[in-house]
Amino acid sequence: MQKRKSRIELRGFVLVLVALAWQAGILLDAFLGAWAPVPSFALLSGAALCLLSALVFWRSSQIRLLSLLACLLLLGAWRYALVSPVGDRSAISAFTGAKKLQMTGSITEEPKLQAHSRLFIVSVNTISLNNGVTWQNVRGLVDVQMPGNALDDPYGAQYGDSVELQGNLQPPSPTSGPNIFASMIFPRLAIIQSGGNPVIAALYRLRIFLATIITRLLPQPMAALLIAIVLSLRTPALKPLIPLFNVTGTAHLIAPSGFKVTILAGLVADKTRQIFNPRRKGYQQLLPAEKQRRNWWQHLSTGLVIASIIGYTFLSGGGPAALRAGIMGIVLALAPRFGRVYNVYNALAFTALVMSALDPFVLWDAGFQLSLFGTTGIILFTPLFMRLFHRFEHILLLSFLIEIILVTLAAETATMPIFALTFQQISWIAPLANILTVPLLAALIVLGLFVCAAGAIWLPAGMLLSWVIWPLLWYIIQAVQWCATRPWAYLTVTNMPYVIAWGYYALLMLVTNALLRRWPTPLQQTGQVKTSPPLLSKRKWRALQCSAALVVVLATGTTAVSARASNQLTITFLNVSPANQQPQGEAILIRTPDNKTALIDGGLDATSLASELDTRLPFWQRTLDMVMLTSPRQDELAGLADIVSRYQVGEALDAGMLHPNAAYALYRRTISERNIPYTQLRQGATIPLGTQVAIQVFWPKSPLRKGSQENQDNGLVVRLLAPGLRMLLLSATALSKYALAGLLATISPAYLAADIVQFTGDAGKPFLKELPAVLQATHPSLVIISPAALSAKRRKAGATSVLASLQAISGAWQIAQTSQTGTIEINSNERGWTMRTDT
């Protein structure tokens, strides 16, 4: 009787055994193939013999089962042998170390944004080692790093493009995926033609479009956080927050996760169930034809759920975790249509089997491992942990909080070695951090989708909804930061041996098996998940949500309307610099007494500019009255290009460029696409900024000068006039002998007079001899020096952007360098001006 019972239980989990045998074959060939590769033909022949043995001994259940499992094991090894680069001369890994090779291929995924670059994954087709004279077929994936980190780059390569690359082929980086065999850093890239799956390409374009809308509606880093939560897209502005989410065990909030797909699928299923519910009153009295029509609506409802799961899976990047959840969600939606009971163990096994069959290297992907093991841990351990707190089940709120803690503990118990090996960290504060954040995840996803939809239709409507979601995002960031800064938040683990991880899982399996034998759970027996009752009814919960949203909108709107203009002019020289680097470039924020706002230049780094600017403006202000680019150099342009794509800008000003580079062309294209009024400035122009501030243009002359230094030669020199303040902005023209000499020759010293003079100084070059003459003509009280960008060579040498020798420009004026003082703020009114620094 016991034998028959175990056979019945085993029959319900055959798919689990199938998946385990298949994956064991992949792992076995991966580890043993490195020393003694077995030909794929031999593995396939062995699988055929095992299958024949199963057919011959079909009546013997034990021999049949063992033969089929051996067949699947050999098939898994055969599948891995087909894609393994070991001993394959046509694998791209065989050519690592080659110099100046050429290769062709296609981009297989959406580009990933990094701090100052974009990362492409290219599937290589052919390669040439002799400048294109002869070509040979190769296979494999290559990481390609290219400059530029714009969210939407119309001039850059995209998913599906066929490209030709020329450069040095290097081994894959430590952060590359398990299926990446080589890498190239900043090669020459030429787009041959567009291609790829048009549906997936459209979803990727939609993803970028929605992310762009979010950046226009919310300040940073809230915009970056919402993009990561809703679209699982990590932008450069999110980079400072990623370590905080990792150490607090909340990385699943900003990564593609099954929970997000489940939330969307549940939302769609709930709404379609309300429309197409076959069990409404009177269903039994329907005629057969009407029942058939109602069943047709059921199938339509299922189709909508599946379509939403597939769409959101690829919209969130199509990573292993999202694919795992997507497949399980599709199985859950299809099971009732075929009269089957959903078994979560079989669904997990089926998902792992399909994904590893399509890509065997997915078994080494950390995202797939965390998703699979985390889901399994939640299923197995949560019911066991809940037994300890069954006395509190009748207290709904307390039971709800306990369940979050125990689900987090269950997932962490199952994934602790993976976190230790992958991130070298084990989080102790994860249960608390998840209690503080996870309950808001569903609301953030739903509100984020509404923000995207409303912003796509009408931007002001999206702005109104963004007022609702901003406090939630602010709270998530503050909660994660607070948890991450606790002294006991996490434990750093370095160089943990793999044998400890295997031993941990072996011990965990033994303990789990013993506990399940003693305390069997309904899930263990049926594979069906038991859900907890909701805290509130749907009607009360919706009323509470709507009330909270209304309060937030009214409070934000009242604060915005009640904001009064200050009685002073504020000019802020922002401290902008790439992460972990010296301050480089300049960005000047101007706020007038009548609430006009202007930004002059943007600095070298868009992320730091966004952080500086968005923290100084109210979160509801997504407008700038004016942006001005003094020089199309990267030092001034990089950050400003991001600003014109995110803010509603009243007017864009610059001096133009005789020979536009790609960055300036993209900047001008963004201005044109967003219908921003654009004006080219020349000597003699005056631009009002509100009623009390005017900007006079002293340089350049017309026509612009051609030459190798035309960016500096044709840069803008402007003087800002306001009650109690005159400020001369030389910017990058201080590096141009032609511009400084022309300024002294064409502008009267009376017009050059200024209380404050600002210019860009290059620590690697001496001051031009014309610069002291300009300073003598202006008679300033204060000279502010903004640092120029450091070259890659000087950065590697550890050079500083601080100017050491100032004797050439010393005089009866105070000198301040933003590379030393940080942010400098000038406050002015009719009585005079004052300076305040961060130091």
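**View 1. Helix 22 packs over three strands.** Helix 22 (residues 662-673) lies across strand 15 (626-629), strand 17 (652-654) and strand 18, and runs at about 150 degrees to strand 17. Helices (H or I, at least four residues) and strands (E, at least two) are DSSP runs, numbered from the N terminus. Axes are lines fitted to C-alpha atoms, for helices over the stretch in contact, and angles run from 0 to 180 degrees between N-to-C directions; contact means heavy atoms within 4.5 Å. The model is predicted: local features need pLDDT of at least 70, side-chain atom pairs count only at pLDDT 80 or more, and totals for chains, interfaces and linings use all residues. Residues are numbered from 1 along each chain as its sequence is written, and side-chain values use heavy atoms, with hydrogens and water left out.

**View 2. Helix 20 and its strands.** Helix 20 (residues 606-616) lies across strand 11 (569-573), strand 12 (588-591) and strand 13 (597-600). The angle between helix 20 and strand 12 is about 15 degrees.

**View 3. An open sheet of 8 strands.** The strand order is 18-17-15-13-12-11-26-27, with mixed pairing; two strands pair if DSSP finds at least two bridges between them. Strand 18 (678-680) and strand 27 (832-837) are the edge strands, each pairing on one side only. On average, neighbouring strands of this sheet are turned by 15 degrees against each other, direction ignored. Strands of a sheet pair through backbone hydrogen bonds, either parallel or antiparallel. Strand 26 (residues 824-829) and strand 27 run antiparallel and are joined by 6 bridges. Serine 828 has tryptophan 833, in strand 27, as its bridge partner.

**View 4. Helix 21, mostly covered.** Of the 13 residues of helix 21, 10 are buried, where buried means under 20% relative accessible area, exposed over 50% and partly exposed in between (1.4 Å probe, protein chains only). Among the buried residues are Leu637, Leu640, Ile643 and Val644, and also Asp635, Glu636 and Arg646. At 1.5 Å a residue, helix 21 (residues 634-646) should span 18 Å, and its end C-alpha atoms are 19 Å apart, which agrees; the expected span is 1.5 Å times one less than the number of residues.

**View 5. A salt-bridge network.** Asp614, Arg622, Asp642 and Arg646 are linked in a network of salt bridges. A salt bridge is a side-chain nitrogen of Lys or Arg within 4 Å of a carboxyl oxygen of Asp or Glu. The structure holds 14 salt bridges.

**View 6. Salt bridges of glutamate 109 and glutamate 110.** Glutamate 109 pairs with lysine 112 in a salt bridge, with the closest N and O atoms 2.9 Å apart. Glutamate 109 is partly exposed at 31% relative accessibility, and lysine 112 is partly exposed at 39%. Glutamate 110 forms a salt bridge with arginine 207, with the closest N and O atoms 2.4 Å apart. Glutamate 110 lies in the loop between strand 1 (101-107) and strand 2 (112-113) and arginine 207 in helix 5 (residues 198-217), so this pair ties together parts 97 residues apart in sequence. Both glutamate 110 and arginine 207 are buried.

**View 7. The salt bridge of arginine 726 and aspartate 755.** The two side chains meet at 3.7 Å, N to O. Arginine 726 lies in strand 22 (residues 725-731) and aspartate 755 in the loop between helix 25 (749-752) and strand 23 (756-761), so the pair ties together parts that are 29 residues apart in sequence. Arginine 726 is partly exposed at 33%, whereas aspartate 755 counts as buried at 17%.
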